[in-house]
Each structure stands twice: as structure tokens, then as C-alpha cells.
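Visitor: I should like to learn how to read a protein structure with some care. May I put my questions to you one at a time?

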Amino acid sequence: MLKTLRGILGLQHCRYCKSEFKWKELYQYLWGALYKPFRCTACAKEHFVTIPGRLTNTALTIFPMLIFAQFLSPFKHFLLSIGVGIILGLIGSLISPYLVSLEVDDE
Ligand SMILES: [Zn+2]
């Protein structure tokens, strides 16, 4: 919870060198291969998305889409509902770099 609150205030910092991750790098990473480590551009230390981080990422992108398309759509038109759902998902994905936490795998 505290981590999430800290995430809202700004982008996460590297656990080692404390340099702030760039939004664009996190965004591209979250849309890409999550099984690969995220590398700090300053010190090249590898970070991994935590399980809550993965869930947050999924929740922010997939759920708005599904919930809107399934239940909240005021549109009778199916494709229009899907389109708005996708836009909501994209908006969710724009804020996910602020909320998804990364950890260093020390072992
Ligand atoms: Zn670093």
C-alpha cells in the first residue's frame, strides 16, 4: 500500500543508484516482454516486476476494457463498445508505469 502511494507521487527509482526510471522506458517494458528483466539505464542493474506489479498492470489495462465492454457501455453498437473499452485500457496503461513496482532480484 505504501509502495503504491509512493508510486502515485512519482516514477520509481532504481534500488541501487536511486536514479529515476523514465516513463517511456517503463511503458515500453510493460507492453513488452515482462519475463525479461528491466535494466536500469544508469547502472544496468536488473529489476523484475513483482507479482502485485503484474496484477496492477493487468488490472489497469485489461479490466477497464472488459468491464466497460461487458457492463457499462451506453452504446448498443458492439464495435463502438469495444473501441471505447480499448481507449480506456490505453489510458490505464499510461498510468501503469507510475503504479507498477519493480524489485531487484538479489539472490
Ligand atoms: Zn540504477
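Visitor: How many salt bridges does a search of the whole structure find?

Guide: This is a predicted model, in which local features need pLDDT of at least 70 and side-chain atom pairs count only at pLDDT 80 or more, while totals for chains, interfaces and linings use all residues. Residues are numbered from 1 along each chain as its sequence is written, and side-chain values use heavy atoms, with hydrogens and water left out. A salt bridge is a side-chain nitrogen of Lys or Arg within 4 Å of a carboxyl oxygen of Asp or Glu. By that rule, the search of the whole structure gives two.

Visitor: Which residue forms a salt bridge with Arg-15?

Guide: The closest N and O atoms of this salt bridge, formed by Arg-15 and Glu-103, are 3.1 Å apart. Arg-15 lies in the loop between α1 (2-9) and α2, and its partner lies in strand β3, so the pair ties together parts that are 88 residues apart in sequence. Helices (H or I, at least four residues) and strands (E, at least two) are DSSP runs, numbered from the N terminus. The partner of Arg-15 is thus named: Glu-103.

Visitor: Is Glu-103 buried or partly exposed?

Guide: Buried means under 20% relative accessible area, exposed means over 50%, and partly exposed is in between (1.4 Å probe, protein chains only). The relative accessible area of Glu-103 is 23%, so this residue falls in the middle class. Arg-15, at 28%, also counts as partly exposed. For Glu-103 the answer is partly exposed.

Visitor: Which residue meets Glu-46 in a salt bridge?

Guide: The N to O distance in this salt bridge is 2.8 Å. Glu-46 is partly exposed because its relative accessibility is 32%. The other side chain, with a relative accessible area of 49%, is partly exposed as well. It belongs to Arg-39.

Visitor: In what order do the three strands form the open sheet?

Guide: Along the chain from the N terminus, the elements run α-α-β-β-α-α-β. Two strands pair if DSSP finds at least two bridges between them, and β1 and β2 pair in the antiparallel sense over two bridges. The pairing in the open sheet is antiparallel, and the order is β1-β2-β3.

Visitor: Which strands stand at the edges of the sheet?

Guide: The three strands form an open sheet in the order β1-β2-β3. An edge strand here has a single partner strand, so one side of each is left without a neighbour in the sheet. The edge strands are β1 (38-39) and β3 (102-104).

Visitor: Is His-47 buried or exposed?

Guide: His-47 lies in strand β2 (residues 46-49), and Phe-38 stands opposite it. Not counting residues up to four places away in sequence, His-47 touches Cys-14, Tyr-29, Leu-102 and Val-104, among others (contact means heavy atoms within 4.5 Å). Because its relative accessibility is 0%, His-47 counts as buried.

Visitor: How far apart in space are His-47 and Leu-102, C-alpha to C-alpha?

Guide: In sequence, His-47 and Leu-102 are 55 residues apart. They nevertheless touch one another. From C-alpha to C-alpha, the distance is 5.8 Å.

Visitor: The side chain of Gln-12 has a polar atom that lies 2.6 Å from which residue's backbone oxygen?

Guide: Gln-12 is in the loop between α1 and α2, and counts as buried because its relative accessible area is 12%. Leaving aside neighbours within four places in sequence, its contacts include Phe-21, Val-100 and Ser-101. The backbone oxygen in question belongs to Leu-102.

Visitor: Which residue's side chain is joined to that of Thr-50 by a polar contact?

Guide: A polar contact is a pair of N or O atoms within 3.5 Å; within protein, one must be able to donate a hydrogen and the other to accept it, and residues adjacent in sequence count only if both atoms are side-chain atoms. Thr-50 is in the loop between β2 and α3 (51-72), and is buried, with a relative accessible area of 15%. The polar contact is 3.0 Å, and the partner is Ser-101.
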